[in-house]
Structure formats: C-alpha cells, structure tokens
Amino acid sequence: MMELLIASDATPPLSVLATAKVAGVSLTVNPTLTAGSPPVLVLANGLKLRGTNVLLKYLARTSTAIPNLYQRDAFETGQIDEWLDYAPIFSSGSEYEGACKYVDGYLLHRTFLIGHTLSVADITIWSYLAGAGKRWESLMKSKKYQNLGRWYTMISTQHAAVLDELTSAFSKKKDSSKPSSSTNVTDESNKKQIANGVVNSNRPEFDLPHAEMGKVCLRFAPEPSGFLHIGHAKAALLNQYFAQKYNGKIILRFDDTNPAKESNEFVDSLITDVGTLGIKYEKITYTSDYFQILMEMAEKLIKEGKAYIDDTPREQMKHERMEGIESKCRNQSIDENIKLWNQMILGTERGLQCCLRGKFPSMQDPNKSMRDPVYYRCNPMPHHRIGSKYKIYPTYDFACPFVDSYEGITHALRSSEYHDRNPQYFKVQEDMGLRKVHIYEFSRLNMVYTLLSKRKLLWFVENRKVDGWDDARFPTVQGIVRRGLQIEALIQFILEQGASKNLNLMEWDKLWNINKRIIDPVCPRHTAIIEENRVLLTLLDGPHKPFVRVLPKHKKHPAAGDKATTFTKKIWIEQVDAKAINPNEEITLMDWGNAIVKEIKKGENGNVTELIGVLHLEGSVKTTKLKLTWLPETNELVPLSLVEFGYLITKKKVEEDEDFVDVVNTDSKKEIGALGDSNMRNVKRGDIVQLERKGYFRCDVPFIRPSKPIVLYAIPDGRQTATK
C-alpha cells in the first residue's frame, strides 16, 4: 500500500485519487505536509515522488486494472503529457469556459482524448470537470458543450463503480473542515471517505511468466482465410494487454500458408478489424516472407535424418498415425528423400503424391501430435501474394515454430485447444536448432448458439444464408459492430475474462449488458410505432392548429441534443396499445400528458380501428396504468424498417462430430415496418438510438428519401433472448 501525503491546508488532488482508483492502486491519504506543499507519494519501500503530474504518470504506469493508461507509443505518450500539462487551465476561473470550448471541439470526432482506449489524460480532464461542482453541472444542463458532455457522461458511466463514491466523498471533503491531524486508516467509519480511506480495485490482474519489462515480443498471427471474429479478438486483445503491461511490442503476422483458402480481400479486412480493435502493432509480416528459408530448413532436416518424404495416401497415413504404425517410408535413405523432395519442389506428378514429415522419436508416443507430423505438402495452386513461384507450402506446425523464433517472439499466446501440440512445437524448434519460445495458453472463447469455425462461417456466406462476412448475425468483428456493439464493450468483456484457461461456454447476454451500460447514458431517444394496423386517436379538445415543442433527446444527457415534437388533434398509436385500453380509461401520452379514451371502435377481426378521447393534462401520470408512445398525424413521419436478428443455429453448442447444417436457424432475421418521428431524418449510418419502449437500435441505412425506409438494427440489451 502507498501513502499520499498532502498539505494540511489542502484537499487531495481528485485527479490523483481517480487515477489510483481506476488503476487499482491502494492509497492512504495523510494531510501532514506544510501549507502550500505539492503532494508526495510514499512508496511501499519508502521512496518518494513529488508533484501531481509525476504521481499521475507513476500511478498510471503501475495500473493493475486497466493497461495502457500512460505507456503507449512515443507519439501517444507525448500527447498524454500535453494533456496533463494543459489540465490545470480548468482551475483558472477566467479561462475555464475557454478550456471547455477547446476540449469540446477536440472531441467532435473522438471517443477518448488519446487513441481508442482510456488514458490518464481522460481521467485527469474528467477530474477537473467533476471537481468544478456546480459550475460544470450548470454547463452540462445548458447543453453548451455537447461533445464534452457526451464524453464526460461516458467516462462517468463506464467507471461508475469506482468514481461515484469517489466524487461524492471528494465533494463532502471539500465542504468539511480541514483535518488537523494524521488519519488512522484502520478506523472503519472513515474508510469510505477518500481523504481518509483506501482506494482499491477488485479487477483481476494476470501475468506473463518469464516476461522481462521492455523485452516482451508478441505476435498476433491470423490466417487470411476469413474475417476476424470474436474468438480472434480475444487473442488480439490479450496480446495487446501483455504488450502494454510489459512495455513490449506486437507483430501482426499473416499465416498465409494455404493458398486454397486465402485472399488479399481477407488480408485487407483483417488489417481493418485489427485497427477497429485498437491494436497497436510494430509491423506487418507474412509467413510467406520466409518461404525460401523455410524450404532450406526443411532440406537441412532431411539431410540430418530428422524428416522424410512419405507418399502414403492421406487417409491411410491418418489411420497409421492414430494406430501408431510406422510408415513404410520412414527409414528410406536420405538420397531418396532428397530426390522426392526435389520432385515436390517442381510440382511433378510424382511430387504431388508426396508430403514431408518430421521424424520424431516414436510413432507410439501417447501424444498423437508427436507421431511424425506433416511439414510440407505439394500444391500447384497460385498463392494470393506471390503467385506461382512455389509448388509446395509448409504446414502451420512446421512454419509457426520457425517464424516465431526467427522473428524474436518471446511469448506465443495460443488457445488451450493447442495444448497437446505444445510438445510438438518445442520439438520442431529443438530439431531446427532454434531459440525456444515460451507458450502462454488461454481458453478459447466459445459463445452459445455461435459457430466460430471459418469453414462453417464460409458455408453461410457461400450459400447466401447471410449477406456477407459483415452480416449482423455473424460473430465477426465487423458483424457485431454492425449490429451495434461498441468496441469498448468488447474490450471490457474480454479483459474481464482475463487469461483464464477454464473452458467456458459464454452467454452473449453479458457482453450485450456491458454494451448497454455504455450506450444507454448517451444515446438519443426517438419515437416509433409499428405501421401495420396502427390506430388513429382523435382528441376532441386537442389543438386545432398543430404546434411544436422542443424537447431533449435524452432527459439525463443534454449533450444528446434536442428534438422538435409536433402536437396535433389526431395522433397515431400502436394496435397492441389500443387493444389494451378500456372505455373511459385514463392513459398517459408520453411527453404530453394524460388523456381519457371515451370511445373505442373495432372491426370484425377484433382489431381496434379508431379511438376517440379528450385531453386531461391536469391528471397525474402516477395513477395511470398505460404510458403510451404516439406520433402526430402529419406527412413528416419517416418510414422505418426495424430489423431483429436471432441466432444462426438453434443449438447452444454444436459438437465436433455433429453436422451444423442440421441445426441452422431458417428464421433468424425479421423485418417490421414502422413509422418514426421526423427528427430521425438526421440519424446517420452507425448512429445508436433508443426507440421509446422498443429498445436500442443502430442505423444501418439512413434517411435517403420518403419512399425508402431508414433501416434500424435492433441491439440486444442483455436481458432479451434473441429470436431462435
């Protein structure tokens, strides 16, 4: 535990307390310094650091809860330093609003101040605003700085668990008398007071064995045979976590050893998706960069008797490996192996019959992956990147151990499904005479009702069961983002799991619940009603001439802006709501007031065809059972297509030996026609909105013309069960 010393005439810097809280660093606060002294941090070993910015940087570096609060690449770290130097301007009364205006403009197209994740710069600026108390509250209510307000609300919401108590205690401390003596941190009654208590976080931390600060080199190595999905995202984000934790680096490597499945389109999409995740990599490499040297290594192993050419048919070879039977080719001469190897290189008819296998100690090894694995296969198909230069291609089992060692990778992160192949990985490096790379395992991310096999996902694309790799039903990064998932939610979801090796089947609800906590406090509210069988309610004493009121899009978030609402004598409500009304019942029309329904007309099919009522605006909204959304009868309403998605399969988990085609959901997409308020003409593609009483939606197709509907994708909120 560390101790924060402050002057006896001062309150502890909120920015320091907030950074410690978010970073998961325990502090006690002791007001024992002479008046006017800068804050001092006393470390556990007795060493001391002085000055607010010095303390902020140190606490951010030692974060156990959130990585990368301060240490980033040179440019972004420099930007953080700039913001820390700029922050005190908020303390100047005359320059306060000027600072708000500057940051508001800066945040126009940004989620965070620096990059795509939270930094100590965000915490510091947030702290100065929170510390301003009523002055900032007044500006929030005035809606003067909408971008700054949106950002402030997002930070407050994402870290509410640690910041709410902090700001509350800080405000109380500022209003209370100054302490006159040192605080006893064992006093339970004072522990919740930030100036007298412990700042801590319970978020888990995980370490990388054998890691040295500043020397860790990792790689994220997807195969360019499909789009990045949520399982790959876990691997990518864990690599990023450890790179940031140990001030290391990441290489983005494309494992392009199978020309039959790979393409430049997938390379481009993967680069885009890695950028979307905010992964910072040092450089891009390709396994194909090493094809020549890999061939030379293969020939070296042949000459050393550590590999041999085998022409056994594939199915027979598979059977022999399972049964521990040695191949007839296992002990053929080196000369014969070299001769056949050259036939493979040329891609001759004879070469096409052969493969290169490693010669391991025993074909009876209990671990079947140690039974002479295949290193090379002959394939005359052109490579998407280097054309027809090669007729042979290395397997993953041969190329990966080599390239990992050759590129200086210190730790290879692999999902636990590869556990049995780890001894093979080390054996290949040993036979090649290469430096050993540490393997760090984590559990594969498995989601209910979800297929993560690229082969199976490709089936949906090729058979037109989905609109493409970015279909909102797909578990690809582009798919889930298109459905409305915020990257911040995905990062939080992944890091909360940590590097656990436990195999779990995860529910989507948890991820969508995190997402809801991010979007709910800031997304604008709009009104929509289902178009089919909508009912006209005539208010006999309603306004003879329509009038307009300007209302907030989000009552608790002024930065969401305003909307113009038209009030008319005749209004539309939904059929389901109309059926719920009893004659002479008093109802509440949201954002207007109460009304009493005097007459209900129905058709032969039982549907309500018309309602007649009167306003009762003096009525209490607390006493009504029905609170209904409505839209005015005007030609300004916009057509909507509300799209709801279900899972692509109807079974929680598809077993390895089960044909997934048998459990494909044939009804995984439903579209419902609706009408929306006129303000929705301004909603842009990618915007998140909440439709009152309907939930959250992401705009996929914005307003173009009155005859073409706005397409809104329903976003799960973590409580609803998707359509199956």
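Of the 724 residues in the chain of this predicted model, buried residues make up 54%. The chain contains 20 helices and 31 strands, and its C-alpha atoms fill a box of roughly 100 × 85 × 40 Å along the principal axes. Among contacts with a separation of 6 or more, 72% join residues 24 or more positions apart.

**Helices H2 and H5**

Helix H2 comprises residues 52-61, and its buried residues are Leu55, Leu56, Leu59 and Ala60. These four residues lie on the same side of H2, because the arc that they cover around the axis is only 125°. An α-helix has 3.6 residues a turn, so residues three or four places apart point the same way. The buried residues of H2 pack against strand E1 (2-7), strand E3 (40-42) and strand E4 (48-50), as well as against helix H1 (14-23), helix H3 (74-86) and H5.

Helix H5 spans residues 120-131 and includes Ser127. The relative accessible area of Ser127 is 3%, so this residue is buried, the cut-off being under 20%. When neighbours within four places in sequence are left aside, Ser127 is in contact with Leu14, Ser15 and Ala18.

**The seven-stranded sheet**

An open sheet is formed by 7 strands with mixed pairing, in the order E16-E29-E30-E31-E27-E28-E17. Its edge strands are E16 (525-526) and E17 (528-530), each of which pairs on one side only. Three of the pairings within this sheet are set out below.

| Strands | Sense | Bridges |
|---|---|---|
| E17 and E28 | antiparallel | 3 bridges |
| E29 and E30 | antiparallel | 4 bridges |
| E30 and E31 | antiparallel | 5 bridges |

Individual residues mark these pairings. Ala528 has Gly676 of E28 as its bridge partner, and strand E28 itself covers residues 669-676. Leu691 is bridged to Gly695 in E30. The hairpin of E29 and E30 has 3 residues between the strands, and Arg693 takes a positive phi near 65° there. Cys699 stands opposite Leu712 of E31. Strand E30 is mostly covered, with 6 of its 7 residues buried.

**Helix H19 across the sheet**

Helix H19 (residues 508-519) lies across three strands of this sheet, namely E29 (688-691), E30 (695-701) and E31 (710-715). With respect to E31, H19 runs at about 120°. The length of H19 can be checked against its residue count: at 1.5 Å a residue, its 12 residues should span 16 Å, and the end C-alpha atoms are 17 Å apart, which agrees. The buried residues of H19 are Trp508, Leu511, Trp512, Ile514, Asn515, Ile518 and Ile519. Because these residues cover an arc of only 155° around the axis, they are placed on the same side of H19.

**An annotated region**

An unreviewed UniProt entry carries the annotation "domain: tRNA synthetases class I (E and Q) anti-codon binding" for residues 627-700. Over these residues the model is 0% helix and 41% strand. The C-alpha atoms at the two ends of residues 627-700 are 29 Å apart.

Notes
Residues numbered from 1 in each chain as written. Predicted model: local features only at pLDDT ≥ 70, side-chain atom pairs only at ≥ 80, totals over all residues. Heavy atoms only, no water. Expected span 1.5 Å × (residues − 1). Buried < 20%, exposed > 50% of the residue type's maximum accessible area, 1.4 Å probe, protein only. Arc of directions from axis to C-beta. Pairing = 2+ DSSP bridges. Contact = heavy atoms within 4.5 Å. Axes fitted to C-alpha atoms, helices over the stretch in contact; angles between N-to-C directions. UniProt positions renumbered as here; feature names shortened; annotations may be inferred.
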